[in-house]
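Please keep the sequence and the coordinates side by side while reading, since the paragraphs below move between single residues and whole elements.

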Amino acid sequence: MIRNRGSLLPFLAPAGPLLLFVGFPLLLFFARGAGDLPGLTADPSLGRIYQFTLLQAFLSALFSVAAALPGAWFLLRWRITGRSLIRSVSTLSFLLPPILVVLGFTLVFGRAGFINRGLQGIFGLTEPPLKILYSAGGIILAHVFYNFPVALRLLTDLFGSYPENELKAARSLGASPLRAFITVLLPSLWPGILSAFVLVFLYCFLSFAVVLVLGGGPSTATLEVELYRAVRFGFDPGRAASLILLEGSVTLPVLLLFLFLDRRSHHEFSPDRHNAPLESPPPAIKVLTTVYFVLFLLFFFLPLLAIPFHSLLVRSTRGGSALFSAAHYLSLFRSAEPLRALAVTLSAAVVSSLSAVALLFPAARISALNRGVMNGRILFSLPLGVSSLAVGTGLLYLKSLFPGTGNYLLLVAAHTALAIPLTWRILEPAARSLPASVIRAGEVYAPPLIRFFRVELPLLFPALVTALAFSFALSAGEVNAALLFSGPGLPTIPVTIYHLIGAYRFGEASALGTLLILVSFGALLVLERRDGRDRKIISR
Amino acid sequence: MKQRLTTLIMATVLLPAMALAGCSREPAAKSLNVYCYDSFSSEWGPGPALAAAFEKETGIKIIFSSPGDAGAVLAQLIAEKGNPRADVVIGLDNAQAPLAFSENLLIPCRAENLKAVPADLLLDAENRLVPYDYGHFALILDTDSGLIPPASLEDLTKPEYAGKLILMDPRTSSPGLGFLLWTVSVYGDKAPDYWKRLQPSVLTVTDGWSQGYGLMLSGEAPLVISYGTSPVYHKEYEQSDRYKALEFAEGHMEQIEGMGLVRGSKKIKEGNLFINWLLGTEAQRIIATANIMLPVRPETELPASFGSAMVPAKRLAATETMGGKTASEWTDLWVETLTGNP
């Protein structure tokens, strides 16, 4: 399919960091464990953990996509005020270290959370009425909180043109609304649904115990918990390697099935997709939309708002009332580490997200021109099926090859590699859905730079923004590689937050989390605004 | 668009350069590479103050390196076996000691100050791992809850404590493993029966101390497994005695944190010097107050807030095999017992 040797290069460039920071560590890891792969079948509790891991991942993916579908429809079909706010908020949950998400979540939904305390105050109850957390429902709620945003963005970004005319035609030919939805609208949503479902499934399947805290454990632990134990507590490389193979026996078939289905389902954006300006919704839809997005904001904003709230709350002595002050912020900035962490985190996140996008853009173009290219799509997606804990442990071996304590370049390169699979999953389908005729016309009529800035960049801008936003968030919130490569002189924010909490300083950790939210939220809002403006330029 | 991109790129190149400039130091004449868990060398841990004081006294520079928690430190030492980058390791505890010994990672230390350390705190006869601080696993009670304090492990199974207790997973957290071995040393073979009876009292099992303690602080449950010294923080920095460590009739499991010389290091003399210095009273005070643990030198002068620490009358010690099973086998049994009937 690839026409000449020159077009192989775009696929090799991103493969480099992937091989160095994902493939090579895994190989080093396996080299130690492959000698003695014990049979895992004799372990009955492992069977139950396996089943549970599978079930919770499936349900979380199902609920995340189901919850995002109406939102995607509202956003695609109607003009909605606060669109960029909604899109920015939804990326934030990705950004925060899980410990703060858990704290924020319990401050709102927990036994002593705002909702329970409010209800108890109103109805004079002695026991908290809302008991959703610390049950299997709590896990799914937390996973939806984490993954619903990915689902919503993939659904809207990978959507073809809204088939207004086709829908009207179907209805006028006598199709019921349901039939019209299934035969006309669903096929347009299909690539987004598929991508979102598989991504969320893989994330949840490989998720660690942090979110499962809300499920009440230990009957709600995943395979990753057993893997953690094998690599960190028992140091049993053989068992660890077996567990990775066991995980791979689920994630690899899922990935391959997905790539197969995805290849068959591609369809083009119509070139005039941006031309039709969105209409204001009719009153009934407006009410529904408002209810949906108010619930959305309550669900996402409240736990995030709980963190700034917590950062201003100063614990009182026994019996006294709660006090609010900036004391945590003042004490935070008496130390040097937080500001340095802010600088390191932001710069690493910006550089790694830009690098990931820049590395993948040429490959995405090729993929857009050669619809059948599978090579890169498989290669770049494979890390999605591998445990980050396994890669992190392999990185320990890799790190022992490099001298020194902290290394900024290694940190950025590792984050770039980690961002590649997700960036690719967002960028490639978007590029593939561009009309090849437009790209070819650009190739003929415009020099490369002009072509890039005038044609390809504007057309891909929404997907680029999503890719940048998520890889930014991924880097800013990442802990494993950050711990390994940061070292005492080069901390990142999640690492510093754990340092603070390790020293009992929960209030200062919330203050630092608040700063991360504010800075990132600002950056995301600017990006989203730009996105909106560029759309208007194209539509002219 | 292009201008903004240029600004963005400029900023992203300058920021890391500034960050790097901030931490580039000229190499000292003599230095020691020290591996530790990351919170030890953070700004709020004892690391920076110890390094500064030691360098001032001896001229030897301490370079800390931390791949993550104590489990990651051990994993990294095993990964580098034969070609170590560390001279000294700080932060392996008594639960990790058997693995560190069987992997042959450490060589015996010589430290004069060890004579002043009580014999019951020593981790091995050859001093491959030397204790620097210790503490006891204990339940912390939020006294604002109005709960009647339980007085024993057995009390915790009473119906009045239903959903009031936060535990940690022994597969991923050292207080979690500490609690598990505590119940084993008290109940022996009957421990699985105790875990089942305890289950209604457990609100949730977190993967690490941070989540568990955080949930307790935000009021989700009034009881959490932590350390007997935890109230010291609240006393020292919040002037509060709201959180109390409970002393239980059955006694308390001990955690001893140790340090050692890494096999293959070429700086044995300097390493011994550092380890001996860390057992001096000044270093012991820095470690105890920043780590909020008890110093191994009993005569160390401590702030008044340490009066709120619970030091149990009866101390329990984990042995390598308890009731014929290793810690790992007990953990398996724990998983088996508690995932059996979800």
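With a relative accessibility of 7%, A:Tyr504 counts as buried, and the place to look for this residue is the loop of chain A between α21 (493-502) and α22 (506-539). The model is a predicted one, and within it the phi of A:Tyr504 is near 70 degrees, which is a positive value in a residue other than glycine. Such a value deserves a second look because most residues other than glycine have a negative phi.

Chain B offers a companion case in B:Gln239, which is not a glycine and yet has a positive phi of about 45 degrees. This residue also sits in a loop, the one that runs between α9 (230-238) and β9 (243-245) of chain B. Is B:Gln239 buried or exposed? With a relative accessible area of 54%, B:Gln239 is exposed, whereas A:Tyr504, as noted above, is buried.

Stepping back to chain A as a whole, the secondary structure comes to 22 helices and two strands, and of the 540 residues in the chain, 59% count as buried. The surface that chain A exposes is about 21000 Å², of which carbon and sulfur atoms supply 70%. If one takes the contacts in chain A between residues at least 6 apart in sequence, 84% of them join residues at least 24 apart.

One helix of chain A can be followed in detail. Helix α16, covering residues 388-399, has 12 residues and reaches 16 Å from its first C-alpha to its last, close to the 16 Å expected at 1.5 Å a residue. The helix is mostly covered, for 11 of its 12 residues are buried; among them are A:Leu389, A:Val391, A:Leu395, A:Leu396 and A:Leu398, together with A:Thr393, A:Tyr397 and A:Lys399.

The nonpolar packing can be traced next. The largest nonpolar core has 268 residues, and B:Ile90 and B:Phe274 are those with the most contacts inside it. Helix α14 of chain A, residues 337-369, contributes the largest share of this core, with 15 residues. Apart from it lies another core, of five residues, including A:Ala170, A:Ala175, A:Ala180 and A:Val184. Which residues does B:Phe274 touch, once its neighbours within four places in sequence are left aside? B:Phe274 is then in contact with B:Leu32, B:Val34, B:Phe54, B:Ile62, B:Val88 and B:Ile90.

A polar detail is found in chain B at B:Ser41, which lies in helix α2, residues 38-41. B:Ser41 is buried, with a relative accessible area of 9%, and its side chain makes a polar contact of 3.4 Å with the side chain of B:Ser66.

The last point concerns cysteines. Over all chains, a search of the whole structure finds zero disulfides. Why does B:Cys36 not form one? The closest cysteine sulfur to that of B:Cys36 belongs to B:Cys109 and lies 16 Å away, which is too far for a bond, because a disulfide requires a pair of cysteine sulfur atoms within 2.5 Å. The reasoning holds from the other side as well, since the closest cysteine sulfur to that of B:Cys109 is in B:Cys36, again at 16 Å and too far for a bond. B:Cys36 is buried, with a relative accessible area of 0%, and B:Cys109 likewise counts as buried, at 6% relative accessibility.

Key: Residues are numbered from 1 along each chain as its sequence is written. Chains are lettered from A and ligands numbered from 1 in the order in which they are written. This is a predicted model: local features need pLDDT of at least 70, side-chain atom pairs count only at pLDDT 80 or more; totals for chains, interfaces and linings use all residues. Side-chain values use heavy atoms; hydrogens and water are left out. Buried means under 20% relative accessible area, exposed over 50%, partly exposed in between (1.4 Å probe, protein chains only). Helices (H or I, at least four residues) and strands (E, at least two) are DSSP runs, numbered from the N terminus. A polar contact is a pair of N or O atoms within 3.5 Å; within protein, one must be able to donate a hydrogen and the other to accept it, and residues adjacent in sequence count only if both atoms are side-chain atoms. A nonpolar core is a set of buried Ala, Val, Leu, Ile, Met, Phe, Trp, Tyr and Cys residues joined through side-chain atoms within 4.5 Å. Contact means heavy atoms within 4.5 Å. The expected span of a helix is 1.5 Å times one less than its number of residues. Accessible areas come from the Shrake-Rupley method with a 1.4 Å probe; for residues, only the protein chains shown count as cover.
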